[in-house]
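Trainee: I would like a close look at one part of this model, and then at the elements that supply its residues. Please take it step by step.

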Amino acid sequence: MDLVLIILLSVIGTFVVTGGISFLLGFFYFKKVKKNQEDYEKEAAAIIEKANTSAENILLNAKKEAKEEAEEVKTSILSSIEEKKKEIKDQEGKVAVKQEMLEKKEYSLDKREESVISRENLLEERRAFFEQKTAELEKKNLEIEEKKNALQEKMNNVISYLEKAAHMSEDEAKDELMKKIEEKEVKKIALYKEQMHEQAEAEVEERAKALLCLSLDKYAQDVTNEHSTSTIALPNDEMKGRIIGREGRNIKSMEQLFGVSLIIDDTPETITVSCFDPIRREKAKLTLEALIKDGRIQPGRIEDLYYKIAADFDESLKRIGEQTIFKLGLPRISANLLVYIGRLKYRTSYGQNVLDHSIQVAYLSSVMASELGLDPILAKRAGLLHDIGKSIDCEMEGSHVQLGRDLAKKFGEPEVVINAIESHHGDVPKKFLISDIVSAADTLSAARPGARSETLETYIKRLEAIEEICNSYDGVSSSYALQSGRDVRVMVVPEKVSDEDAKVIASLIKGRIEDEVSIPGQIKISVIREMRAVEFAKK
C-alpha cells in the first residue's frame with residue numbers, strides 16, 4: 001500500500017514536475033512566439049509604412065507627371081485654340097472685307113440698275129419723240145416734194161417762155177450768164193488766188209520753221225558752243241581776295257601749276273578760267289571748285305588737291321572710254337586707248353562735241369557697212385577712232401590725222417582702222433571700202449543742220465559777201481541780210497527797175513550766191529520794188 005502510494009506519489013510528482021516543466025516550457029515558448037509575433041508585426045508595420053511611403057511618393061510623382069503632362073496638353077491646346085482663334089479672326093476679317101466689297105458691289109449694281117432703268121426710260125422717251133419727229137418730217141417732205149414739183153413745172157414754163165422770147169436755148173443762156181459772171185469776178189478770183197498763195201506760203205514757212213526748231217531741239221544735246229573759257233561761281237566777292245592771296249601768291253601758284261590763266265575782274269561773284277587746252281581747263285575748274293568748297297586756299301593745299309583731282313580725272317576719262325565702248329557694243333580695245341577716247345568728251349570742233357561726233361560717225365558707218373555686206377563692227381570701230389588724234393592735238397605737234405594714225409599703230413589697231421583714220425580727210429589714198437564709208441559718215445555728221453557752229457569772223461564775212469553781191473546790181477538802193485543770212489531783202493529804185501527786172505535781179509543774185517558764197521542751208525532772196533504815190537490835199 002505504501003509502495004503503491006509511493007509509486008502513486010512518484011507518478012503524481014512526475015506528472016507534477018513534468019507538467020510544471022511543460023508549463024514553463026510552454027510559457028517561455030508562448031512568450032517567445034509572442035515576441036516574435038510582435039517583431040513580425042513591427043517589421044510588417046515598417047514594411048507597410050515603407051510601402052505606404054513609397055506608394056505616396058509614387059503617387060506624388062505620378063500626380064506631378066500627370067500635372068506636367070496636363071499643363072503641356074493644356075498649353076498645346078491653348079496654343080492651338082489661339083491659332084484657331086487667330087485664323088478665325090483672320091477669316092472673319094476677310095469675310096468682313098468681302099462682305100463690305102459685296103455690299104459696295106451690290107450698292108454699285110443697284111446704282112447701275114437705277115441708271116440703266118433711267119437711261120431706258122430716257123431712250124424710250126427719245127424714241128417716241130424721234131418717231132413723232134420722223135412722222136412730222138415725212139409729212140413735211142411730202143409737202144416739199146409737192147411744192148418742188150409745182151415749182152419745177154412753173155420753172156419749165158418760165159424757161160420755155162424765155163427761150164421763145166430770147167431766141168436762145170437754156171444751155172446757151174447758162175453759158176452767156178457764166179461768161180458775164182466770169183468777166184465780172186475774174187479780178188476778184190485773181191486777187192483771192194494771190195491771197196491764198198501768200199497765206200499758203202506763210203503757213204508752209206511757219207510749219208517749216210516749227211519742224212526745223214523741233215529737229216534742232218532733238219539734236220541740241222550733240223551741239224556745244226566753241227569756247228576757251230570756263231566760268232566759276234563764287235559764294236561771295238571776299239573769296240576773290242582769298243584766291244589771289246597775299247601779294248598774289250595763291251593765284252600765281254595756281255596759274256603755274258594748272259597751266260591756265262585766271263581772270264578776276266569786276267564781275268560780281270565770278271572768276272574765269274582761260275586756256276586753249278580743254279583738259280587743263282577742266283582740271284583747273286574742278287580744283288578751284290573743290291578749294292572754294294573746302295575754304296583752305298594756300299599753295300601747299302592747292303598742290304595736294306590738284307594732284308588728287310588730276311588722278312581722279314584721269315580715271316574718269318578711262319571710265320568714259322569704257323562706257324563709250326560698252327554703248328557701241330565693240331570688242332575689247334586697249335585700256336591705254338580708252339583714256340584718249342574719254343578725252344574727246346572735252347574737245348570741240350566748230351562747236352560740235354568730238355566724242356558725240358565720233359559716236360555718230362560710228363553708228364552711221366555701221367549702218368552703211370551692214371547695207372553693203374561689210375563688217376559692221378570693224379566699220380563702227382574705225383568710225384569711233386577716226387578723230388582720236390584730236391584728243392592730243394592741243395598738246396603735241398602735228399595734225400589730228402597724223403596723231404590719230406600714230407596712236408592707232410601704237411596700240412595695235414587693225415590696218416583698216418589706221419587707213420580710215422589717215423584717209424578720212426583725203427590726206428592719203430583709201431585702201432579699203434570701209435575707209436570710204438567712214439569718210440562719208442564723217443561728212444554726214446558734220447553737215448547735219450545745227451551740228452556745227454562757226455566763228456563770228458566767218459559769220460560776218462559771209463553776211464558782207466551776200467550784201468556786196470546784192471548791191472553790185474544797177475538799180476539796187478540797199479540790201480539787208482537778216483536771220484543769220486538766211487533771209488535777204490533787196491530794195492530797188494522803182495523808177496529804174498520794173499517788176500520784170502526785179503524778178504531777173506532776184507534770179508541773178510541767187511546764182512551768184514550759190515557760186516560764190518558758202519551758205520548754211522537755204523537763203524530766201526526778196527527783191528522789193530515799192531512805189532509810193534503821195535499827194536497833199538488842202539483848201
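What is the volume of the largest cavity?

Mentor: The model is predicted, and the largest cavity in it has a volume of about 60 Å³. The structure holds 1 cavity of 30 Å³ or more. Its lining draws on D277, P278 and I279, on R343 and R347, and on K390, S391, I392, D393, C394 and E395. By class, 6 of these lining residues are charged, 4 are nonpolar and 1 is polar.

Two of the contributing stretches can be followed into the fold. P278 and I279 line the cavity, and both fall within helix α5, which spans residues 278–294. Helix α5 lies across β1, β2 and β3, and it runs at about 10 degrees to β1.

Those 3 strands form an open sheet in the order β1-β3-β2, with antiparallel pairing. β1 (229–233) and β2 (261–263) stand at the edges with a single partner strand each, so each has one side without a neighbour in the sheet. On average, neighbouring strands here are turned by 25 degrees against each other, direction ignored. In general, strands of a sheet pair through backbone hydrogen bonds, in a parallel or an antiparallel manner. The pairing of β2 with β3 (residues 270–274) is antiparallel and runs over 3 bridges. In one of the bridges between these strands, I263 has T272 in β3 as its partner.

The other stretch leads through R343. R343 lines the cavity, and it is also among the residues of helix α7 that meet helix α6. The axes of α6 (residues 299–328) and α7 (residues 335–343) come within 7 Å of each other and cross at roughly 95 degrees. That crossing makes α6 roughly perpendicular to α7. On the α6 side, the contact consists of L317, K318, I320, G321, E322, T324 and I325. On the α7 side, A335, L338, V339, I341 and G342 take part together with R343. By class, this contact has 7 nonpolar, 3 polar and 3 charged residues.

To return to the cavity: R343 appears both in its lining and in the contact between α6 and α7, while P278 and I279 bring in α5.

Definitions and conventions. Residues are numbered from 1 along each chain as its sequence is written. This is a predicted model: local features need pLDDT of at least 70, side-chain atom pairs count only at pLDDT 80 or more; totals for chains, interfaces and linings use all residues. Side-chain values use heavy atoms; hydrogens and water are left out. On a 1 Å grid over the protein atoms alone, a cavity is a set of points where a 1.4 Å probe fits but cannot get out, and a pocket is an open set with protein on both sides within 12 Å along at least five of seven lines; lining residues have an atom within 4 Å of a point. Grid points are joined across faces, edges and corners, and a volume is the space filled by probe spheres set on the points. Ala, Val, Leu, Ile, Met, Phe, Trp, Tyr, Cys and Pro count as nonpolar, Asp, Glu, Lys and Arg as charged, and the others, Gly among them, as polar. Two strands pair if DSSP finds at least two bridges between them. Helices (H or I, at least four residues) and strands (E, at least two) are DSSP runs, numbered from the N terminus. Axes are lines fitted to C-alpha atoms, for helices over the stretch in contact, and angles run from 0 to 180 degrees between N-to-C directions. Contact means heavy atoms within 4.5 Å. Angles under 35 degrees count as roughly parallel, over 145 as roughly antiparallel, 65 to 115 as roughly perpendicular and the rest as oblique.
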